Number of protein chains: 2
Amino acid sequence: MSARSSSPGQRRATILDVAAAAGVSRQTVTRAMNGMPGISQATRERVQRLAAELGYTPSRFARGLVQGANVSVGLAIPDLTNPYFPAFASSVVEEATQRGWNVVVDDYGHGAGSALDSAGRLAPQVDALIGYLGEHSRAAQAIMGRRPVVGLDDPQAEAAGSISFDYAHAARLGLGHLAEDRRRRVVFLDSDQGGIAAGRGHAVEAAARERDIRLQQIASGPSAAEARRAVTDLLAAAPDVDAILVFNDLMAAGVLKALSEGKRAVPRDVAVIGMDGIPLGELLTPELTTLSLDLRSVGRAAVGLLDGLLSGAVEAGSSAAALTLRHELVIRQSA
Amino acid sequence: MSARSSSPGQRRATILDVAAAAGVSRQTVTRAMNGMPGISQATRERVQRLAAELGYTPSRFARGLVQGANVSVGLAIPDLTNPYFPAFASSVVEEATQRGWNVVVDDYGHGAGSALDSAGRLAPQVDALIGYLGEHSRAAQAIMGRRPVVGLDDPQAEAAGSISFDYAHAARLGLGHLAEDRRRRVVFLDSDQGGIAAGRGHAVEAAARERDIRLQQIASGPSAAEARRAVTDLLAAAPDVDAILVFNDLMAAGVLKALSEGKRAVPRDVAVIGMDGIPLGELLTPELTTLSLDLRSVGRAAVGLLDGLLSGAVEAGSSAAALTLRHELVIRQSA
DNA sequence: CTGAAAGCGCTAACAA
DNA sequence: TTGTTAGCGCTTTCAG
């Protein structure tokens, strides 16, 4: 019942335990474990064997303390369950891995609070932060202090770096396509998660005005199921709708479901355009026409920007640290 | 041009810098930064303000070294781009977050090597490892030493803990359903990524023999596009196929595409059953009948098992550390 | 309410 | 080829 035995795994072996067992100095253990030169093969093997037997693993804290290196970046994401985010995360992880950085992922969906909670959890663990922080990007930067934060989809750019999307351009692309197709009764299905990207709605509205398109805006929760329900209701209230532009591809999948359920042929009766360009779109029936972002390039941009910020090549808050990416229209079957 | 000024961000501020600036001891700074008692409000605020000005952030290494706490788990995943894995990762992250652990994600797809490389990258950073390690689970455990590894979908269970799936059960469920439906000419579309889960193929074969079902096995790469191509070829070579059981849901999505392209009605002409139970299945047309795993419970099982291993409640390698989960048949439209 | 001392486990630099 | 010394930045005693 001593303090020592209360921990199930006993005290972790330290370099000193190994050194003692092998009858060498701790320095020799370091050399053996890290494949450093200046040690005989026999000693090296003996030390390594002993280390394995004792279950010795160098403490990452002690090593980090003395070596300083090892960048670890936090990735704050609203919902790994919407395929957009893993697609993005995947490219961030890939880019980070190439640089020898490691990525700590935090998902603030599923009742894990807000982006701010996420930043709070990550802050003590990481040297930098990338994330969909929405309106919290400023607060997140405050929590992180001097460590760089790259906020995505945050037009205000209140963090060290930001990646924004040119929704005005996307909206023009989408509505332009619908106009050419003589669609007269267009609906924009927005996400009701407000703040995070009200930008889309405004941009679509402006583009509609430019083109003199009659536009109705509705909103639903950001899932396929919720979008489906919203469109089912819409169809009852406004049977003459002939085009729906959707906040994102996942919701567009739900829209397609509602339409087929409501016996509307797509694109003949109703055209549908999504937004994101995730691979899911190609698997749907009909295949989804969408305003596509190259997700890999978004990840690359975010990590690249962070790299610049970290190395000092890019100044925090400068215009070089505020990137804007554009969607492109990928025409498939639904519009 | 001194060594000091060569680093773009200057030397990071330490607790001593703040203490000096505030004219207090480092202890007082610690108390101020960590909201500890025994310090006047005025001092606390002054210290915090100075800390912010200096851009001081406590070193996670120094803190970790002295506090010891803070579990961080590595998550090794083959491909964040297949929706199965994010769904799983999402629940792992959620469960871990609830315990105050943080998770470092490594994706070994996209040319980032094998599961073993992934384990190697993660090992120095984490206290435990969860992953789809396939045949490498033993080697990964060796790299991790005494730190627990939970391997998924690895029937050999050569790590401290393992989560396996009862493919025999799944296969019986799937083929049983097809048999009741009088399907006579069944194909199993396997993944050609061999090792990682040859278990599925064997199980399906055995179940077919039990039921005297004529079974053909084919294989393709593990993507929707590759599955699609494989089935297009299959249709040409064997036009009388009336049921396809597929390695996973993503590939099943490709199968559905190939079938509609080949003018086969699903399920009338050909029944399709997927495997995984990812949300994608519900978005397809027709909606995918599938052998579903409750992904959230898989994540919960993995993290729970790890928790037991870490706390000593579960002994590494014991039978309590080898969990087996079962699929259930979710009947939607495709079969 | 504040400070001084000790030490977490490791590696870099320097000796032997 | 090996060992000794010093110190990374922080928090936990224990004293004032």
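Trainee: What makes the atom pair between Asn34(B) and a phosphate oxygen of DNA strand D a polar contact?

Mentor: A polar contact is a pair of N or O atoms within 3.5 Å; within protein, one must also be able to donate a hydrogen and the other to accept it, and residues adjacent in sequence count only if both atoms are side-chain atoms. In this predicted model, an N or O atom in the side chain of Asn34(B) is 2.9 Å from a phosphate oxygen of DNA strand D. The pair therefore meets the 3.5 Å limit.

Trainee: On what basis are such values computed, and how are the parts named?

Mentor: Residues are numbered from 1 along each chain as its sequence is written, while chains are lettered from A and ligands numbered from 1 in the order in which they are written. Local features need pLDDT of at least 70, side-chain atom pairs count only at pLDDT 80 or more, totals for chains, interfaces and linings use all residues, and side-chain values use heavy atoms, with hydrogens and water left out.

Trainee: Which further pairs with DNA strand D qualify?

Mentor: Thr30(B) has a side-chain N or O atom 2.8 Å from a phosphate oxygen of DNA strand D. For Gln67(B), a polar side-chain atom lies 3.3 Å from a phosphate oxygen of that strand.

Trainee: How do you know which residues are near DNA strand D?

Mentor: A residue is near a strand if one of its heavy atoms lies within 4 Å of it. There are 29 residues around DNA strand D, and Gly38(A), Ile15(B), Arg26(B), Gln27(B) and Tyr56(B) come nearest. Of the strand's atoms that come within 4 Å of the protein, 57% belong to sugar and phosphate. H5(B) gives the largest share of this surface, five residues.

Trainee: What is the make-up of that surface by class?

Mentor: Ala, Val, Leu, Ile, Met, Phe, Trp, Tyr, Cys and Pro count as nonpolar, Asp, Glu, Lys and Arg as charged, and the others, Gly among them, as polar. On this basis the surface near DNA strand D has eleven nonpolar, 14 polar and four charged residues.

Trainee: Which parts of the protein surround DNA strand C?

Mentor: Of 28 residues around DNA strand C, the nearest are Ile15(A), Arg26(A), Gln27(A), Thr28(B) and Gly38(B). Helices H3 (26-33) and H5 (60-67) of chain A and helices H3 (26-33) and H5 (60-67) of chain B each supply at least two residues of this surface. Helices here are DSSP runs of H or I with at least four residues, strands are runs of E with at least two, and both are numbered from the N terminus. The largest share, five residues, comes from H5(A).

Trainee: Which atoms of DNA strand C take part in polar contacts?

Mentor: A phosphate oxygen lies 2.7 Å from a polar side-chain atom of Thr30(A), and a phosphate oxygen is 3.0 Å from a polar backbone atom of Ser25(B). A base nitrogen is 3.3 Å from a side-chain N or O atom of Gln27(B).

Trainee: How do you know how extensive the interface of chains A and B is?

Mentor: Contact means heavy atoms within 4.5 Å, and 52 residues of chain B are in contact with 53 residues of chain A. Buried area is the accessible area (1.4 Å probe) that two parts lose on being put together, summed over both. The two chains bury about 4200 Å² between them, 55% of it on carbon and sulfur atoms. On the chain B side, Arg60(B), Phe61(B) and Leu283(B) lose the most area to chain A, together 17% of what that side buries.

Trainee: What makes the phi of His110(B) worth noting?

Mentor: Most residues other than glycine have a negative phi, and most peptide bonds are trans. His110(B) has a phi near 55°, a positive value in a residue other than glycine. His110(B) is in the loop between strand E2 (102-107) and helix H7 (115-122) of chain B.

Trainee: Where are cis peptide bonds found?

Mentor: One joins Val266(B) and Pro267(B), with omega about 5°; another joins Thr285(B) and Pro286(B), with omega about -10°. Pro267(B) is in the loop between helix H12 (249-261) and strand E9 (271-276) of chain B.
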